[in-house]
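Hello,

Here is the structure I promised to hand over. Please look through the sequence and the model first; my notes on what turned up follow below.

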Amino acid sequence: MNASDRPLANHRCPRCGADNACQPARSGSFDTDCWCRQVSIDEAVLQALPEADRGIACLCRRCATADSA
């Protein structure tokens, strides 16, 4: 198993610093269901993240859904 097979153990939202409630990060497995699989995250929100965090850091629910309300 390589590092890309497991989620990062990062529990903070890169946008606001709050707990992101990422269940895969907590369990260490992408097989664990998470709240983010039931929401649509606006591409503009993702693009506003620092480049180093894009595609690897998990947002909290509030930041992920704030601009789609």
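I start with contacts across the chain. Take the contacts between residues at least 6 apart in sequence: 44% of them join residues at least 24 apart. Please keep in mind that this is a predicted model.

Now the overall layout. The protein has 3 helices and 0 strands. Along the sequence the pattern reads α-α-α. There are 69 residues, and buried ones make up 22% of them. The accessible surface is about 4,600 Å². Carbon and sulfur atoms account for 50% of that surface.

Asn20 is a good place to begin. It sits in the segment before helix H1, which spans 23–27. Is Asn20 buried or exposed? Its relative accessible area is 1%, and buried means under 20%, so Asn20 counts as buried. Which residues does Asn20 touch, leaving aside its neighbours within four places in sequence? They are Asn10, His11, Arg12, Cys13, Trp35, Cys58, Leu59 and Cys60. Asn20 also has a partner nearer in sequence: a polar atom of its side chain lies 3.0 Å from the backbone nitrogen of Cys22.

Next, the cysteines. How many disulfides does the model contain? The count is 0, where a disulfide needs two cysteine sulfur atoms within 2.5 Å. Cys13 is in no disulfide, and its nearest cysteine sulfur, in Cys63, is 3.8 Å away. Cys13 is buried, at 4% relative accessibility. Why is there no bond between Cys22 and Cys58? The sulfur of Cys58 is the closest cysteine sulfur to that of Cys22, but the two are 3.5 Å apart, so they are too far for a bond. Cys22 is buried as well, with 5% relative accessibility. Cys13 and Cys58 both appear among the contacts of Asn20.

Gly17 shares the segment before H1. Its relative accessible area is 36%, so Gly17 counts as partly exposed. Gly17 and Leu59 are 42 residues apart along the chain. Their C-alpha atoms are separated by 8.9 Å. Leu59 is also one of the residues in contact with Asn20.

Then helix H3, residues 61–66, which holds Thr65. Thr65 is partly exposed, at 24% relative accessibility. A polar atom of the Thr65 side chain lies 2.7 Å from the backbone oxygen of Arg61. Thr65 can also be paired with Cys36, 29 residues away in sequence. From C-alpha to C-alpha, Thr65 and Cys36 are 9.6 Å apart.

Last, the largest pocket. How much space lies in it? The volume is about 470 Å³. Its lining has 27 residues. Nearest its centre are Phe30, Gly55, Ile56, Ala57 and Cys58. That is the Cys58 whose sulfur is closest to the sulfur of Cys22. Which helices each supply at least two residues of the lining? They are H1 and helix H2, which covers 43–47. H2 gives the most, with 3 residues.

If you open the model, try Asn20 as a first stop, then the pocket.

Best wishes

How values were computed:
Residues are numbered from 1 along each chain as its sequence is written. This is a predicted model: local features need pLDDT of at least 70, side-chain atom pairs count only at pLDDT 80 or more; totals for chains, interfaces and linings use all residues. Side-chain values use heavy atoms; hydrogens and water are left out. Helices (H or I, at least four residues) and strands (E, at least two) are DSSP runs, numbered from the N terminus. Buried means under 20% relative accessible area, exposed over 50%, partly exposed in between (1.4 Å probe, protein chains only). Contact means heavy atoms within 4.5 Å. Accessible areas come from the Shrake-Rupley method with a 1.4 Å probe; for residues, only the protein chains shown count as cover. A polar contact is a pair of N or O atoms within 3.5 Å; within protein, one must be able to donate a hydrogen and the other to accept it, and residues adjacent in sequence count only if both atoms are side-chain atoms. On a 1 Å grid over the protein atoms alone, a cavity is a set of points where a 1.4 Å probe fits but cannot get out, and a pocket is an open set with protein on both sides within 12 Å along at least five of seven lines; lining residues have an atom within 4 Å of a point. Grid points are joined across faces, edges and corners, and a volume is the space filled by probe spheres set on the points.
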